[in-house]
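Here are my notes on the model, set out as numbered points to be read with the structure open.

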Amino acid sequence: MPIIAPSLLSANFLNLEADCKMLNESEADWYHLDVMDGRFVPNISFGPMLVSFFRKATTKVCDVHLMIEEPGKFAEQFKNAGADVLSVHIEACPHLHRNIQQIKSMGMKAGVAVNPHTPVETLQDVLADIDLVCMMSVNPGFGGQKFIHHTLKKIKTLRQMIDEKGLKVLIEIDGGVTLENAGTIVAAGADVLVAGNTVFSAQDPKATIAQLKKL
Ligand code: DX5
Ligand code: ZN
């Protein structure tokens with residue numbers, strides 16, 4: 001069964017309490033929290049302050065996806081805000097290994113996010129040090145985009161790399177996940193499904209989460 005991580009980027013920010021209550025009552029496993037700086041990606045979302053509110057609103061895992069430059073400067077703030085998993089983009093980290101060590105030393109799970117154009121082979125030499133790969137299946141910056149089909153090939157390659165090394169790294173797929181394509185994504189080897197638009201624009205978000213969970 002996949003881990004379901006709804007992205008709060010698509011929540012109703014005028015009534016976050018209601019959306020948190022819905023998620024807490026649902027079969028969702030994680031809160032996926034998208035942090036954007038307007039530099040690494042062409043959009044600005046929210047920072048540690050909002051993460052700390054989500055932390056208070058749930059006992060579920062807070063999975064923080066940093067789409068920011070120089071993430072090392074902010075790791076401590078996100079730790080203090082209550083992040084359980086902290087993912088940084090490989091494209092934003094010339095010293096990725098150091099970033100991973102920093103995150104682990106703070107007691108968080110370390111994730112590395114890869115953009116659609118980044119080959120998964122570039123993860124070869126850090127795979128043993130991380131807990132999760134956040135594989136972007138859209139270009140990061142916005143919710144509600146279309147799934148890039150080529151990602152399926154990348155999931156299979158990464159699955160093989162992880163299994164060959166006997167590792168337990170989770171493969172998280174982020175962007176354009178729908179009820180229609182989620183089965184294929186899980187069959188390709190994904191462990192975690194992020195879903196923003198699919199969950200929050202649904203007539204019945206809880207039922208939609210339950211359907212994703214059944215895959
Ligand atoms: C994109 C974010 C995603 C996004 C997913 O930059 O990292 O987490 O919110 O949203 P959907 O599921 O709507 O594509
Ligand atoms: Zn994300």
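1. Strand S1 (residues 3–6) and strand S8 run parallel and are joined by 4 bridges, and within this pairing Ile-4 has Leu-193 of S8 as its bridge partner. Please keep in mind throughout that this is a predicted model.

2. Strand S8 also pairs with S7, again in parallel, through 2 bridges, and here Val-192 of S8 has Glu-172 standing opposite. Between these two strands the chain passes from S7 through helix H6 (residues 182–188) to S8, in a β-α-β crossover that is right-handed.

3. In a regular strand, side chains alternate between the two faces of the sheet. Which residues of strand S8 (residues 192–195) lie on each side? Val-192 and Val-194 are on one side and Leu-193 and Ala-195 on the other, and because all of these are buried, both faces of the strand are covered.

4. Turning to the metal site, the zinc ion (ligand 2) has as its protein donors His-32 (NE2), Asp-34 (OD), His-65 (ND1) and Asp-174 (OD), which lie 2.0 to 2.3 Å from the ion. Along the chain these donors follow the spacing H-x1-D-x30-H-x108-D. Distant parts of the chain are linked by the pair His-65, in strand S3 (residues 61–67), and Asp-174, in strand S7 (residues 170–174), which are 109 residues apart. Both His-65 and Asp-174 are buried.

5. Why is the arrangement around the zinc ion (ligand 2) called octahedral? The 6 donor atoms subtend angles of 69 to 171°, and the arrangement is octahedral because of these angles.

Technical notes
Residues numbered from 1 in each chain as written. Chains lettered and ligands numbered in written order. Predicted model: local features only at pLDDT ≥ 70, side-chain atom pairs only at ≥ 80, totals over all residues. Heavy atoms only, no water. Donors = N, O, S within 2.8 Å, 3.2 Å for Na, K, Ca; no water. Tetrahedral: all angles 85-135°; square planar, octahedral: opposite > 155°, others 65-115°. Buried < 20%, exposed > 50% of the residue type's maximum accessible area, 1.4 Å probe, protein only. Pairing = 2+ DSSP bridges. Right-handed = clockwise from strand over helix to strand, strands pointing away.
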